[in-house]
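This briefing accompanies a protein structure and is intended for a reader in the first year of study. Please keep the sequence and the structure in view while reading.

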Amino acid sequence: MESIRPSIAETSYRMFDRPLHPELFDPVIVGRIRSEQYDMTIGLCEGGYYLQFTSGGHSIVEVTAPDRQQLSTFGLQRTYFYNEQEEILHKSNVPFLYHFAGEVDVVEYSVFTRVQMELESETSNVFLSHQFPAPNRLLPGALSLVRVEGSARMLSVHTFHTYPVDLAVLRTQTLIELD
């Protein structure tokens, strides 16, 4: 069963304290939010997503992508592999508060298909979404959703990514608070 999306076991979270060029990720869809205080870009990719946030001359980029994706180590602050047994928490203050949490749920086929259908029904109500082609007739295509809430001083970004071959759902939450 060949899938566009890599296995969750090969997927990592990486955080950089500098901007990265969006073309490194080959996004299928990109969204942008700008205000007087910040500029945020989110892109959905085959391997997951990238989020680039800039405020006051400081940037944070978080990337969920296959580990085989070559990215510079310049500015790399953290790398974590997703593991269904533990939650990833990362906090930074550069000069805004940045908090990231990610968790993987590996479930039975019946639960996975129900979650996939629920997420598919939400695609028109979210900031960004994309469904990739199905790997075969038995499994749905990988799906990614991004929800964004916020104000001029705070952003909350929730992402959901399905990994049909692994019967896994990756959930992430990013909270950014400005002074």
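Strand 1 and strand 5 (residues 58–66) run antiparallel and are joined by 6 bridges. Among these contacts, Ser-12 has Ala-65 in strand 5 as its bridge partner. The model is predicted, and the points below are grouped by topic.

**The sheet**

- Strands of a sheet pair through backbone hydrogen bonds, and the pairing may be parallel or antiparallel.
- Here, 6 strands form an open sheet in the order 2-3-4-5-1-6, and their pairing is antiparallel.
- Strand 2 (29–34) and strand 6 (76–81) occupy the edges; each has a single partner strand, so one side of each has no neighbour in the sheet.
- From one strand to the next, the twist averages 10°.

**The nonpolar cores**

- The largest nonpolar core contains 25 residues.
- The residues with the most contacts inside this core are Ile-8, Met-40, Ile-42, Leu-51, Phe-53, Tyr-82 and Tyr-98.
- Several elements give two or more residues to this core, including strand 1 (11–16), strand 3 (39–45) and strand 4 (48–55).
- Strand 8 (97–106), strand 11 (154–163) and strand 12 (168–177) also give two or more residues to the largest core.
- A second core, separate from the largest one, has 9 residues, and Leu-20, Phe-25, Cys-45 and Ala-65 are included in it.

**Aromatic rings**

- A pair of aromatic rings is described by two values, the distance of the centres and the angle of the planes.
- The structure holds 5 aromatic pairs.
- In one of these pairs, the rings of Tyr-13 and Tyr-80 have centres 5.9 Å apart and planes at 20°; the pair is therefore stacked, since planes under 30 degrees apart count as stacked.
- Tyr-13 belongs to strand 1 and Tyr-80 to strand 6, so that this pair links distant parts of the chain, 67 residues apart.
- Are the two tyrosines buried or exposed, or partly exposed? Tyr-13 counts as buried because its relative accessibility is 0%, whereas Tyr-80, at 28% relative accessibility, counts as partly exposed.
- Tyr-13, Tyr-80 and Phe-100 are linked into a cluster by ring pairs.
- Phe-53 and Phe-96 form an edge-to-face pair, with 4.8 Å from centre to centre and 75° between the planes.
- Because Phe-53 lies in strand 4 and Phe-96 lies in the loop between strand 7 (88–93) and strand 8, this pair ties together parts that are 43 residues apart in sequence.
- Phe-53 counts as buried, with a relative accessibility of 0%, and Phe-96 also counts as buried, at 1%.

**A charge over a ring**

- The charged end of Arg-5 sits over the ring of Tyr-163, at 5.1 Å from the centre of that ring.

**Backbone angles in loops**

- Most residues other than glycine have a negative phi.
- Asp-26 is not a glycine, yet its phi is positive, at about 50°.
- Where is Asp-26 found? Asp-26 is in the loop between strand 1 and strand 2, and this residue is exposed, with a relative accessible area of 58%.
- Leu-167, a residue other than glycine, has a positive phi near 55°.
- Leu-167 is found in the loop between strand 11 and strand 12.

Note on methods
Residues are numbered from 1 along each chain as its sequence is written. This is a predicted model: local features need pLDDT of at least 70, side-chain atom pairs count only at pLDDT 80 or more; totals for chains, interfaces and linings use all residues. Side-chain values use heavy atoms; hydrogens and water are left out. A nonpolar core is a set of buried Ala, Val, Leu, Ile, Met, Phe, Trp, Tyr and Cys residues joined through side-chain atoms within 4.5 Å. Buried means under 20% relative accessible area, exposed over 50%, partly exposed in between (1.4 Å probe, protein chains only). Helices (H or I, at least four residues) and strands (E, at least two) are DSSP runs, numbered from the N terminus. Two strands pair if DSSP finds at least two bridges between them. Axes are lines fitted to C-alpha atoms, for helices over the stretch in contact, and angles run from 0 to 180 degrees between N-to-C directions. Rings of Phe, Tyr and Trp (its six-membered ring) pair if their centres lie within 6.5 Å; planes under 30 degrees apart count as stacked, over 60 as edge-to-face and the rest as tilted. A charge sits over a ring if NZ of Lys or CZ of Arg is within 6 Å of the ring centre and within 35 degrees of the ring normal.
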